[in-house]
Amino acid sequence: MAAKTHRVLPGFGLALGYTLVYLSLLILLPLGGLILKASELGFGQIMDIALGERSLAAFRVTFGASFLAAAVNAFFGLIVAWILVRYPFPGKRFVDALVDLPFALPTAVAGITLATLYAGNGWLGQFIEPLGFKVAYTPWGIVVALTFITLPFVVRTLQPVIEDIETEVEEAAASLGASRWQTFVKVIFPAIFPALLTGFALAFARAVGEYGSVIFIAGNLPLISEITPLLIISKLEQYDVLGATALAVVMLGLSFLLLLSVNLLQWWTANRHKNSEPLEVAAAKASGGAQ
Amino acid sequence: MKSTRATQEPVWVRYTLLTIGLSFLFFFLGLPLLAVFVEALAQGVPVYIEALKEPETASAIWLTVGIALAVLPFNIVFGVAAAWAIAKFEFKGKSLLITLIDLPFAVSPVVAGLIFILLFGSQGTFGEWLSEHDIKIIFAVPGMILATLFITFPFIARELIPLMQAQGKDEEEAAVSLGASGWQMFIRVTLPNIKWGLLYGVILSNARAMGEFGAVSVVSGHIRGETNTLPLHVEILYNEYNAIGAFAAASILALLALVTLVAKTIVEWRMKKETEMLNTVLAPEKT
């Protein structure tokens, strides 16, 4: 496909022009406005606001809970993706479709429902609280809400990759004497690891910015269970626009870093796929551990 | 999938994994979904119906639908235009453009709302000019539409770009060389090829538009009966300890989510069928 010399198809200028104008007006200009506003403060002042006691605590809660939620999803998501691809069970198509529920269900609905479930008299709370473990209105509630919201990411990034694993490689490993566990650790896991990491990063990035589901279950106590997006809103409501802007700019910077690392990961995954090991090498590696 | 003993886990491992995976999904997805409807119907169907008939809930439903309909044409036109330029032509900075299209996914909804307040709020860049001309954007519906446009910006383009890249440009080039005008080519060749992908993107962006909370909440001003979408109304009712009302409104949104999932599954199934067809027809040409 080397039709680069002259363009046969019409509409390139119009399509690209419209794309660039619309992108600039709706996305780039407003984001630029935020950075411009933040520059009124200067770097030192932004850092002073971001590293204040309350902001720092909010960042810690936000990133800590997001990390835990993404880790929970990495673990369970791997199992869910595995059983959805490899094992037959009744109602599988229904379960597969249900995995996307968190993408389709408005976050506010998730928030009030999870808060009700985990409250002291809720379906789950009534069993958990007598054990001395409170979820609703504590930082653990934030982890639960974020786990729900980001549940599909790991499953959906892993599923196609697990589907792509050729069973021949596993057979080769087994025929060379590798146990099932060795095959998993040495052949399957390395093949799906980049995708697992990508899913984790996507889940983490989404969780960091989440607001709607969290505020209902968090309790929102400053220093303890207050997330950064909520702190931005409360600053805004107190007409502290500059304070809100400073926090927003820091969040934006961190989100860009995450987006960048996701892109790098995906590029890495694609590259690995291209120069993936020949069958025999992978199989021999697995059996190497069996000797 | 063919599976032999060598490539299967022992039975007890299989059952353990199935139990762990399905329990996780039950506690984190099934139970919450069930709880929405049980809570909404906790005091019987008549009370539920009454809660839905409340004028503020009804107006919230209409505003939600209205905003979703308002953003739809913008998203479709942008999605198709961006995918057309990116998938069918070569130009410098293409991968940067693709990254920029994904940008809204990396921005917290709260920040998305904030940037429009900085531009159009009373103390914002254009605030003075807007108030002189008596135009309200923030704490009014136009601001909510802007915030929703920002949040749903990538959805359709993201679906169409890989699809149109995979389809190549042979068919369109054939149409043009046979004398079709640009518009004829688009309507007769491109649109039929991308219709399922486009519909898929529309379903996803629509679900997000109707359910968006954070971004819309920041710019809405929470004026009851005027700038309350259904998700925002859920919050108000819940904070007023009106659990039945909150969950009744929530149940509408949950039903919408279920419709979205069903529609999405059907479209996915159709798309899969068409790519399979495409692959069997074009298999020798593709590398």
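B:Gly66 sits in helix α3 (residues 55-88) of chain B. Helices here are DSSP runs of H or I of at least four residues, strands are E runs of at least two, and both are numbered from the N terminus. B:Gly66 counts as partly exposed because 14 other C-beta atoms lie within 10 Å. The scale is simple: 20 or more other C-beta atoms within 10 Å of a residue's own means buried, 12 or fewer means exposed, and partly exposed is in between, with C-beta atoms placed from the backbone. From B:Gly66 to B:Ala81 is 15 residues in sequence and 24 Å in space, C-alpha to C-alpha.

This is a predicted model, in which local features need pLDDT of at least 70, side-chain atom pairs count only at pLDDT 80 or more, and totals for chains, interfaces and linings use all residues. Residues are numbered from 1 along each chain as its sequence is written, while chains are lettered from A and ligands numbered from 1 in the order in which they are written. Chain B has an average pLDDT of 91, and 96% of the residues score at least 70. pLDDT is the predictor's confidence in each residue, from 0 to 100. For the complex, the predictor gives an ipTM of 0.91 and a pTM of 0.90.

**Interface.** Chain A puts 75 residues into the contact, and chain B puts in 77 residues. Contact requires C-beta atoms, placed from the backbone, within 7 Å. On the side of chain B that touches chain A, helix α1 (residues 11-40) of chain B supplies the largest share, 15 residues. That side has 50 nonpolar, 15 polar and 12 charged residues. Nonpolar covers Ala, Val, Leu, Ile, Met, Phe, Trp, Tyr, Cys and Pro; charged covers Asp, Glu, Lys and Arg; the others, Gly among them, are polar.

**Helices of chain A.** Helix α1 (residues 12-39) of chain A has a kink of about 45 degrees centred on A:Ser24. The bend is the angle between axes fitted to the seven residues ending at a residue and the seven starting there. Buried residues of α1(A) include A:Ile27, A:Pro30 and A:Leu31.

Helix α3 (residues 53-86) and helix α11 (residues 180-209) of chain A cross at roughly 145 degrees, their axes coming within 8 Å. Axes are lines fitted to C-alpha atoms, for helices over the stretch in contact, with angles from 0 to 180 degrees between N-to-C directions. The residues of this contact divide into 12 nonpolar, 5 polar and no charged.

Helix α13 (residues 228-237) of chain A is mostly covered, with 8 of its 10 residues buried. Among them are A:Pro229, A:Ile232 and A:Lys235.

**Loop residues of chain A.** Most residues other than glycine have a negative phi. A:Asn220 has a positive phi of about 55 degrees although it is not a glycine. A:Tyr239, also not a glycine, has a positive phi of about 60 degrees. A:Tyr239 comes just after α13(A). The table gives the surroundings of three loop residues.

| Residue | Loop of chain A | Other C-beta atoms within 10 Å | Class |
|---|---|---|---|
| A:Ala136 | between α7 (125-128) and α8 (139-149) | 23 | buried |
| A:Asn220 | between α12 (214-218) and α13 | 17 | partly exposed |
| A:Tyr239 | between α13 and α14 (241-274) | 10 | exposed |

Leaving aside neighbours within four places in sequence, A:Ala136 contacts A:Ala115, A:Tyr118, A:Ala119, A:Gly125, A:Gly141 and A:Ile217. A:Glu226 is 90 residues from A:Ala136 along the chain, and their C-alpha atoms are 13 Å apart.

Conventions. Contact = placed C-beta atoms within 7 Å.
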